[in-house]
Amino acid sequence: MGQYNPPVPPLGYTVLFAGIYAAALVATSIGIPGGKLNLLVASATAQLPGQWGVAARDLQAWWLSWAPLRDMPQEERMRLLVEENKWKNDLCLGFLPEPLQAAMPHFVQTWVRCFLLCAVVYYVMSAMWTYYVYYCFGDKLFQPGTIPAFKDVMEQMKVSSLAMPLYSFLPAFTELISELGLTLSYPRIENLGLPMYCVCFFMYMVSVEFGVYWMHRLLHDIKWAYKYLHNEHHKYNKEHTLSPFAGLAFHPVDGILQAVPYTFTLLFCPMHFLTHEILLFFTGVWTTNIHDNLHAKVYPIMGAGYHTIHHTSYKHNYGHYTVFFDQLYGTMLTPEEEQEEKAARKQRAVSPAGSVSGALDGEEQSLGSLDAAKAVKAH
């Protein structure tokens, strides 16, 4: 049977993680082609005698070859970001009358574009997912009575639709501060080179995963935050009330807070801006997936099987894309463990206790149930 593990006291592991991540971030900055630390280390290693110095210079030359735009001035990078964002606005708002679009400030155009893209991703992906899992394969994937009712889906669409205009301010704000040079985002992969692009992508996602885990957990642990913000999403606390349309059904402040790590990480981790933006909008696809109640069994992905447990238990599986931080902090409960616990409870409920041995067994089971109840209460 899956055993209950109380959450790990967070401070020690959090400090350890922060120290390791900070060290990794410094190491990453050494590898950024043309960066101050990179040139300093390259200059020092190039002074090595004989073959070691030659090898160091050749390695540095090869590393720099990946980033032909490494010396692009900051002003030029900001100009390219603005140019790229204007192009995206023109592409998405081309259906508007030209005088109307021209009269809209750049930030307003960006916000409208983000709102439209958010709505398209939400409605198209949720509708396609709903049609696929419920109407095409619902009889094979779900037990009778476990498909959400139409009224629940409509409620989720209503909550999401009211929140989306406010959600859209976060990506618009992120574009604004990036255009002003207040983040470490960059416009072209060639600014860092493909190898460092991959390294920074990994570092960025580790920070996002950590940030989303803790933002989500605090929205549960802080009573007023749960009562006034996150409870809006946890109205859907039974399997038959969850659907792909619940993916964005949050209080708008709640939804923004859980996406803040995507923006905050740009302040200290270099990230290709278009990749950042794609990742931010991909969360709309991901949240559609994790609310369909289907357990895909792909470790270490925090899929719908895990997230369904989160909605029904409130105390497990806070992670974003992976289970790593739930494992680290002791808040993970797998669908397999949950099924084992359900089966054990059901078996205890129907076990006979007619004989002396049966009475003793029943007493042992009662004590076991009491211990389990204490553990749950402590949790």
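**Note on the predicted model: helix α14, aromatic pairs and nonpolar cores**

1. Immediately after helix α14, residue Y314 adopts a positive phi of about 70°. The model under discussion is a predicted one. At 27% relative accessibility, Y314 is classed as partly exposed, since that class lies between the 20% and 50% limits.

2. Helix α14 itself spans residues 304-313, and eight of its 10 residues are buried, so the helix is largely enclosed by the rest of the structure. The buried positions are A304, G305, Y306, H307, T308, I309, H310 and H311. Their cover includes three further helices, namely α10 (194-221), α13 (273-289) and α16 (335-350).

3. As to the chain overall, 17 helices and two strands are assigned. Of its 379 residues, 44% are buried. Among contacts with a separation of 6 or more, 73% join residues 24 or more positions apart. The accessible surface amounts to about 20100 Å², and carbon and sulfur atoms contribute 70% of that area.

4. The aromatic side chains deserve separate comment. The count of aromatic pairs comes to 27. One of them joins W214 and Y329 in an edge-to-face arrangement, with 5.0 Å from centre to centre and 80° between the planes. This pair links distant parts of the chain: W214 belongs to helix α10 and Y329 to helix α15 (residues 324-329), at a separation of 115 residues. Both W214 and Y329 are buried.

5. A further edge-to-face pair is formed by Y226 and Y314, with a centre-to-centre distance of 6.4 Å and an angle of 75° between the planes. Here too, distant parts of the chain are linked, as Y226 lies in helix α11 (residues 223-228) and Y314 in the loop between α14 and α15, 88 residues apart. Y226 has 17% relative accessibility and therefore counts as buried, the limit being under 20%. The Y314 partner is the residue with the positive phi noted in point 1.

6. Ring pairs also assemble a cluster, whose members are Y13, F17, Y21, F210, Y213, W214, F264, F268, Y318, F325 and Y329. W214 and Y329, the pair described in point 4, thus both appear in this cluster.

7. Which residues touch the most other members of the largest nonpolar core? They are Y204 and Y262, within a set of 25 residues. Two or more residues of this core come from each of α1, α10, α12 (252-264), α13 and α15. The greatest contribution is that of α10, with eight residues. Apart from neighbours within four places in sequence, Y262 contacts Y204, V208, H276, L279, L280, T283, H320 and Y321.

8. A second core, separate from the one above, has 12 residues, including C114, Y122, V153 and F281.

9. On the surface, V26, I30, L37, L40 and V41 form a nonpolar patch with about 400 Å² of accessible area together. Helices α1 (10-31) and α2 (36-46) are the elements that give two or more residues to the patch, and α2 supplies the largest share, three residues. I30 is located in helix α1. With a relative accessible area of 32%, I30 is partly exposed; patch membership requires over 30%.

Terms used. Residues numbered from 1 in each chain as written. Heavy atoms only, no water. Helix = DSSP H or I, 4+ residues; strand = E, 2+ residues; numbered from the N terminus. Buried < 20%, exposed > 50% of the residue type's maximum accessible area, 1.4 Å probe, protein only. Contact = heavy atoms within 4.5 Å. Areas by Shrake-Rupley, 256 points an atom, 1.4 Å probe, with all protein chains shown as cover. Patch = residues over 30% accessible without salt bridge, like charges linked within 9 Å, V, L, I, M, F, W, Y side chains within 5 Å. Salt bridge = Lys/Arg side-chain N within 4 Å of Asp/Glu carboxyl O. Phe/Tyr/Trp six-rings, centres within 6.5 Å; stacked < 30°, edge-to-face > 60°. Core = buried A, V, L, I, M, F, W, Y, C linked by side-chain atoms within 4.5 Å.
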